[in-house]
Amino acid sequence: MVEIEKKDKILFIFMAAAILCSYLLLEDKTLLYLFLLIFLGYSFTSLYVSHHYGAQIKGWSSVIAERDYTSFLLTIPQAGIMGALVITLYPGFYMPIPLIAGFILMIVGMGFNLVVRKELGKNWVPLSKTTPNQELVTDGLYSRVRHPFYLSILILFTGVAVISWNWYGLIFLMALVGGLIIRIKKEENNLIIKFGDEYREYMEKTGMLIPKIT
């Protein structure tokens, strides 16, 4: 069984301790801290699943070295959506229905993402570029859509934006959609270069993020 690297464990333990300590210092922030702990738990679990099924986790140094700046088009809007949620939950200005609906979407997106990571296994690459030993996955969820991983991210952060229920969340969500489209286009160009007609045929049979109706 693949173990999570020691530095990753230390980082998550530190973050969990920081959240717990700040919770003890501030009152009436239960929802905010519950969200942060759930998100931290999901982040740790997703990292574990990817490690367990053989994926090579690359840090930001690899992103810069590979000049894969599309990663910033995803990370910055995600951080913005998280910030939009914080400014809603911190003062307690949330609405019950968006809170419940968004929380459900967020949990669905998280679960979906973990399933996709399992199906991809060692073929998950946190960059828009391909790797020498990468295989083309076309079964399971990938038999329906070409990018279920990005779909899961979109569902997850749509849920977070719904919880925030403000213009900031909506603006950053739209930026995330734009970033995803740019990222997918670049990734698919690299996949066509690597797999050629095999990938072109796969594109004809499946939708990008939404299953094709046959």
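Helices here are DSSP runs of H or I with at least four residues, numbered from the N terminus, and it is in this sense that G54 is placed just after helix α2, where G54 takes a positive phi of about 95°. The model is a predicted one, and its secondary structure comes to 8 helices and 0 strands. Of the 214 residues in the protein, 41% are buried, and among contacts between residues at least 6 apart in sequence, 79% join residues that are at least 24 apart.

**Helix α2**
- Helix α2 covers residues 30-52, and because each residue is taken to add 1.5 Å, its 23 residues should span 33 Å, which agrees with the 32 Å between its end C-alpha atoms.
- The buried residues of α2 include the aromatic-ring carriers Y33, F35, F39 and Y42, and L32, L40, L47 and V49 are also among them.

**Helix α7 and its surroundings**
- Helix α7 runs over residues 167-195, and its 29 residues, at 1.5 Å each, should span 42 Å, in agreement with the 41 Å that separates its end C-alpha atoms.
- At the start of α7, a side-chain oxygen of N166 reaches to within 3.2 Å of the backbone nitrogen of Y168, while just after the helix G196 takes a positive phi of about 60°.
- Among the buried residues of α7 are G169, L173, L176, G179, L180 and I184, and the buried residues of this helix pack against α4 (70-89), α6 and α8 (197-205).

**Surface**
- The protein exposes about 12,200 Å², of which carbon and sulfur atoms supply 68%.
- W167, L170, I171 and M174 make a nonpolar surface patch of about 480 Å²; W167, which lies in helix α7, has a relative accessible area of 65% and is therefore exposed, the cut-off for that class being over 50%.
- P96, placed in helix α5, is likewise classed as exposed, with a relative accessible area of 53%, and its C-alpha lies 8.9 Å from that of I163, although the two residues are 67 apart in sequence.

**The loop between α5 and α6**
- N123 is found in the loop between α5 (96-120) and α6 (148-164), and it counts as buried because its relative accessibility is 8%, where buried means under 20%.
- A polar atom of the N123 side chain lies 2.8 Å from the backbone nitrogen of E135, and, leaving aside neighbours within four places in sequence, N123 is in contact with N133, Q134, E135 and V137.

**Salt bridges**
- The structure holds 3 salt bridges.
- In one of them, the side chains of E135 and K122 meet at 3.4 Å, N to O; both residues belong to the loop between α5 and α6, 13 residues apart, and E135 and K122 are each partly exposed at 45% relative accessibility.
- R146 forms a salt bridge with E188, the closest N and O atoms being 2.6 Å apart; since R146 lies in the loop between α5 and α6 and E188 in helix α7, the pair ties together parts that are 42 residues apart in sequence, and both residues are buried.
- R200 and D197 meet through their side chains at 3.0 Å, N to O, and both lie in helix α8, 3 residues apart, which is about one turn of the helix.
- An α-helix has 3.6 residues a turn, so residues three or four places apart point the same way.
- Within this pair, R200 counts as partly exposed at 40% relative accessibility, whereas D197 is exposed with a relative accessible area of 53%.

Methods:
Residues are numbered from 1 along each chain as its sequence is written. This is a predicted model: local features need pLDDT of at least 70, side-chain atom pairs count only at pLDDT 80 or more; totals for chains, interfaces and linings use all residues. Side-chain values use heavy atoms; hydrogens and water are left out. Patches are made of residues with over 30% relative accessible area and no salt bridge: like charges are joined within 9 Å, nonpolar side chains (Val, Leu, Ile, Met, Phe, Trp, Tyr) within 5 Å. Accessible areas come from the Shrake-Rupley method with a 1.4 Å probe; for residues, only the protein chains shown count as cover. A salt bridge is a side-chain nitrogen of Lys or Arg within 4 Å of a carboxyl oxygen of Asp or Glu. Helices (H or I, at least four residues) and strands (E, at least two) are DSSP runs, numbered from the N terminus. Buried means under 20% relative accessible area, exposed over 50%, partly exposed in between (1.4 Å probe, protein chains only). The expected span of a helix is 1.5 Å times one less than its number of residues. A polar contact is a pair of N or O atoms within 3.5 Å; within protein, one must be able to donate a hydrogen and the other to accept it, and residues adjacent in sequence count only if both atoms are side-chain atoms. Contact means heavy atoms within 4.5 Å.
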